[in-house]
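Student: Could you take me through one part of this model closely, and then place that part within the chain as a whole? I would like the reasoning spelled out step by step.

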Amino acid sequence: MNNSFSPNSRYFDIGTRKTESPSGKTIVYLQRRFVPLPERFELLQEHSVVESDRLDNITAKYLDDSEQFWRICDANRAMHPDDLIQIGRKLRITLPEGVPGVRNA
């Protein structure tokens with residue numbers, strides 16, 4: 001586990017690797033992170049993107065933390081946050097991966 005990222009970072013649980021440059025310098029890098037399958041997230045609701053929407057504001061509204069935008073990216077198969085802000089697109093707002101929800105609660 002990598003403790004140099006805060007617990008709410010998408011990289012918090014990603015390990016590190018080391019390699020050595022030709023000059024002998026040790027280079028530490030993050031292991032690859034795979035975007036999880038959206039089907040693994042319990043849907044809370046959907047949000048329809050309108051003209052003035054920004055992902056950080058959407059995230060703050062539904063998840064109470066604008067820095068958790070990556071959770072909405074993961075739930076919608078997006079590597080880049082800008083890919084999500086398209087007028088009319090329905091964004092899945094979900095629970096974190098592995099957290100079961102109660103349907104129709």
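**Helix H1 and its surroundings**

Tutor: In this predicted model, the buried residues of helix H1 pack against three elements, namely strand E3 (43-48), helix H2 (69-75) and strand E4 (90-94). Helix H1 itself covers residues 55-63, and its buried residues are Leu-55, Ile-58, Thr-59 and Leu-63. These four residues cover an arc of only 100° around the axis, which puts them on the same side of H1. The general background is that an α-helix has 3.6 residues a turn, so residues three or four places apart point the same way.

Among those residues, Thr-59 deserves a separate look. Thr-59, which lies in helix H1, has a relative accessibility of 0% and therefore counts as buried, the cut-off for that class being under 20% relative accessible area. If residues up to four places away in sequence are left out of the count, Thr-59 touches Asp-64, Asp-65, Ser-66, Gln-68, Phe-69 and Ile-72. One of these partners, Asp-64, is found in the loop between H1 and H2, and Phe-69 and Ile-72 fall within the range 69-75 given for helix H2.

Asp-64 is also the residue that follows H1, and its phi is positive, near 60°. That value is noted for Asp-64 although this residue is not a glycine. In contrast to the buried Thr-59, Asp-64 counts as exposed, because its relative accessibility is 68% and the exposed class begins over 50%.

A second residue with a positive phi can be set beside it. Arg-77 has a phi of about 50°, again although it is not a glycine, and its place is in the loop between H2 and E4. With a relative accessible area of 54%, Arg-77 is exposed.

To place H1 in the chain, it helps to follow the order of the elements. The secondary structure comes to two helices and four strands, and from the N terminus on these run β-β-β-α-α-β. The radius of gyration of the chain is 17 Å, well over the 13 Å that the globule rule gives for 105 residues, so the chain is more spread out than a compact globule. The box filled by the C-alpha atoms, taken along the principal axes, is roughly 55 × 30 × 20 Å.

At the level of the chain, buried residues make up 31% of the 105 residues. Turning to contacts between residues at least 6 apart in sequence, 52% of them join residues at least 24 apart. The chain exposes about 7,500 Å², and carbon and sulfur atoms supply 49% of that area. As for charge, the chain has 15 positive and 15 negative charges, and the mean positions of the two sets are 5 Å apart.

Finally, a residue outside the helices offers a further point of reference. Thr-16 has its place in strand E1, which covers residues 16-20, and because its relative accessibility is 41%, Thr-16 counts as partly exposed. Thr-16 and Arg-32 are separated by 16 residues in sequence, while in space they are 9.1 Å apart, C-alpha to C-alpha.

Definitions and conventions: Residues are numbered from 1 along each chain as its sequence is written. This is a predicted model: local features need pLDDT of at least 70, side-chain atom pairs count only at pLDDT 80 or more; totals for chains, interfaces and linings use all residues. Side-chain values use heavy atoms; hydrogens and water are left out. Buried means under 20% relative accessible area, exposed over 50%, partly exposed in between (1.4 Å probe, protein chains only). The arc is that of the directions from the helix axis to the C-beta atoms. Contact means heavy atoms within 4.5 Å. The radius of gyration is taken over C-alpha atoms; the globule rule is 2.2 Å times the number of residues to the power 0.38. Accessible areas come from the Shrake-Rupley method with a 1.4 Å probe; for residues, only the protein chains shown count as cover. Lys and Arg count as positive and Asp and Glu as negative; His and the chain ends are not counted. The place of a charge is taken as NZ of Lys, CZ of Arg, CG of Asp or CD of Glu.
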